[in-house]
Amino acid sequence: MVMSLLQSSVKIRPKIPIREFLALIVLLLCTTGLNLFALAENGYGNTYYAAAVKSMLTSWRNFIYLSFDPVGFVSVDKPPVGLWIQAASAKLLGFSGFSLMLPQVLAGVASVGLLYFLVRKVWGGLAGFMAAALLATSPINLVSNRSNILESLVVLSLLLASWAIFQAIEGKSLGWLLLAGLFIGLGFNIKGLEAWLVVPVFVLTYLVSVSLPWRTRLRHIGLMLLLMLGIAVAWITLVDLTPATQRPYVDSTLTNSEFDLTFNYNGLQRLFGEPSYNGKAPVIKHDKGDPGPIRLFQPPLGSQVSWFLPLALVALVALSWNKDWRQWWRNRGKAGLSPLEYSLVFWGGWLVTAGIFFSVALRFNEYYLAVLAPAVCALAAKGFVVFWQDSLQKGWRGWLLAIAFCATGTEQIIIMFDYLASNDWQIAFLSGVTAAGTLVLVGLRLLRPRFEKQAIFRIYLFAISGIVFSTLLIVPLWWVSVSLRPINSGEFPLSGPEPQAKGHYLVPAPDPQLLTYLKTQDGNELFLLATSAIDDAAAIYLATNRPTMAMGGYTGYSAILTPESLAARVARSEVHFFLIPATNLSESQAQSFYAQDIAESGRPFVTSYTNALTQWVSSACQPIAPEKWQTSPQLLKMQLFDCRARK
C-alpha cells in the first residue's frame, strides 16, 4: 500500500527498472521475515504497556484515558495514539504479545519502503536501496520493531511527514505542508516531544527550499505549526479538563496533569535529568556514556545506531562543502534550493539535530535512538555512491572513499572492544578488513592516472569498492542476528550479544506460589493486590486478569495516594494484600522470617527503601510468612503484607 501510494503521488525518478523493483520486493520480504522471526517468543514485550492495553480493552473510559489497570486508578505515562493502535490490533486478533507487536512490525517494514522512495526520488536507485537496506538491519530499529514500545510508529510518522514536506516544496503546496503537520502531530500523540526533535529541520527545509515569496513561506509554516500544535495538545487538553475523579491519575507526575507529564517528565527531564524525590537521587538504569560530542561514537550508544555514522558524517561534510551556498544567500533564497540541495539540508539537519540531543540528554532509553537511524542510513548510502563516483575523478574528493571506509571500520572496532566476552573473531576481522580495504582503495586511487582511460578500470573500482563496503556489513549483520532473541526484547529493547550485562532486564514471571496464595485468599476485592513496583503490578495483572494497584505509579513517587487515603481504601475493602520491598520489615520481623539469611550474610538488617505509603503498610498490617507465598524465600526482595488483620 505504501509503495502504490508513493508511486502514484511522488514524482520519482524514471520508471523503476524491473530488477530494482524486484530487489525492493525481496528486501521488504526479508525485512518482514526479520521482524517476525520467532516473534511469539518475545512474550508481551514491555509489560507496563501490555498491561495498559489489556486494561484499555475493558472499557471506553480506560481506552480514552490509557488506564494502566481495569479500575482506572492510574494511567500510563505516554500519549494515546500508539497504544490505541495496539489496542485495536489486540481487539481484532485477540490479546497476545504477537498482536501487541504486529503494528510495530508493519510500521518497520513500511518505514523501509518509505525511506527507499524518499532517497531514490532525488539521489537515485542505488542510494535508495542501500539506505533502505541499512534501515532494515539497523540494530536498534530491528529490536524496536519486534517489541511493543512505540519508536517504530514514531519513525513511520516522521517519514510520512518527510514525504509530505518534499511534496510541498516541489508543488509549492500548502495542502501538502499541512499534511506534514498532521503527521508530526500524530507522531507527538505517539511518543510526545520525541517527534518534535526534527521539527526545526522540517521548518528550515521548507523555508529555504520552496520558490515562494518569503511572506508566503512564513505564513505557510505558521499554519502548519498551528495545525501541528492543535493536534498535539488536543488529547492532553481533554484529559486535563476532565475532573480528576472521573479519570485515572496521570502517571509519573506530582500534579495529575498531562501537560506536566508531557513537557516536564517526558520533556525537560529527558534533557536535564530527574529531580530528587524525598531527598533520594533517582536510580540510573543504563550507562549511556558521558554527555559530549563523542558520546554517539562510544559503545553504549554507538552499538545501537552508529555502525555507519562516520560514513554519514563524512558524506554530510563533503557534500555540504561542495555546494556554493553563497549564491543562495546572495539571492536571499528567492529561487529556493534544488532537490539535491534541500535533500542534503533535510537529512543533514535531521542527523545533526537528533544527534545533538542524544549527545547531551541525561535521561532517555537506548531505543529512542531509532529516530536517528533514517538520517544515518540516508546519508551513509548517498555518501558511498558519491564517493565512488568521485574516486574516478581528479581532486581531493577522490580520497573520501578511503577516508570514510577507514573511519567506519575504526568505529566498528571501537564498538566491539566493549564486547570482548563475545569477541571470537570480530575485532581481528574488522582490523584486517579496515587495514586491507583502506590500502586497496588508496592503491586504486594512486593507480588512477595510469588506468583511468581504460573502461575496465571503472568496473574494477566499482567491484572492489562494493566488496570493501560489503565487508563492513558482516559484523553489523552478525550483531543483528544475535539480537533476534527474547532476551533482547522486554522492558527496554537492546540489541547485541550481551543485553543483560549492559543494563537491559526482563521482568520475571510472578512466583506461582504467590499467585496460588492470592487466588485462594481472594475475597473479590476491587484490587487483588497493591504493590510499590510497577513491574510486579503489570506481571501479576497479566497473569491473573485481576486488577493490581501500582501505588506510586511507574516511578513509585506519583502523588496518587496519601497514607490516609490508602487507609480509607483498605477500610472500604478495596485492597487487602500489599507487596512491598522486604526492607520495610522491622528488625524483629526480619529476624523472625529471615534469620538464616541474615546470619549467613553477616550484615545487620537495615530498614530502607521506604516511603510514606510503605511505612503505613508495614506499621498497620501483618507480614505473611514467606514460606506461604514464596517458592524460594529471599531476604531483601519483596514482602507480602495482609491488612485484613490490622495491628
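## Burial and the Lys121–Glu170 salt bridge

A residue counts as buried when its relative accessible area is under 20%, as exposed when that area is over 50%, and as partly exposed in between. In this predicted model, Lys121 has a relative accessibility of 7% and is therefore classed as buried. Glu170, by contrast, has a relative accessible area of 31%, so this residue is partly exposed.

These two residues are joined: the side chains of Lys121 and Glu170 form a salt bridge, with an N to O distance of 2.3 Å. The pair connects distant parts of the chain, since Lys121 belongs to helix H6 (residues 97-123) and Glu170 to helix H9 (residues 151-171), with their positions 49 residues apart in numbering.

## Salt bridges around Lys191

Helix H9 takes part in another such link. A salt bridge brings together the side chains of Lys191 and Glu151 at 2.6 Å, N to O. Here too, distant parts of the chain are linked: Lys191 lies in helix H10 (residues 174-191) and Glu151 in helix H9, 40 residues apart. Both Lys191 and Glu151 are buried.

The pair also belongs to a network of salt bridges, in which Glu151, Lys191 and Glu194 are linked.

## The Arg569–Glu574 pair and the overall count

Arg569 and Glu574 form a further salt bridge, in which the closest N and O atoms are 2.8 Å apart. The relative accessible area of Glu574 is 14%, so Glu574 is buried. In total, the structure contains nine salt bridges.

## Packing of helices H15 and H18

Helix H15 (residues 309-321) and helix H18 (residues 373-390) have axes that come within 7 Å of each other and cross at roughly 65 degrees. H15 is therefore roughly perpendicular to H18. The handedness of this crossing is left-handed.

On the H15 side, the contact is made by Leu309, Leu311, Ala312, Val314, Ala315, Leu316, Ala318 and Leu319. H18 contributes Val376, Leu379, Ala380, Lys382, Gly383, Phe384, Val386 and Phe387. By residue class, the contact of H15 with H18 comprises 14 nonpolar residues, one polar residue and one charged residue. Under the classification used, Lys counts as charged and Gly as polar; Lys382 and Gly383 of H18 are among the contact residues.

Terms used: Residues are numbered from 1 along each chain as its sequence is written. This is a predicted model: local features need pLDDT of at least 70, side-chain atom pairs count only at pLDDT 80 or more; totals for chains, interfaces and linings use all residues. Side-chain values use heavy atoms; hydrogens and water are left out. Axes are lines fitted to C-alpha atoms, for helices over the stretch in contact, and angles run from 0 to 180 degrees between N-to-C directions. Helices (H or I, at least four residues) and strands (E, at least two) are DSSP runs, numbered from the N terminus. Angles under 35 degrees count as roughly parallel, over 145 as roughly antiparallel, 65 to 115 as roughly perpendicular and the rest as oblique. A crossing is left-handed if the near helix is turned anticlockwise from the far one by less than a right angle, and right-handed if clockwise. Contact means heavy atoms within 4.5 Å. A salt bridge is a side-chain nitrogen of Lys or Arg within 4 Å of a carboxyl oxygen of Asp or Glu. Buried means under 20% relative accessible area, exposed over 50%, partly exposed in between (1.4 Å probe, protein chains only).
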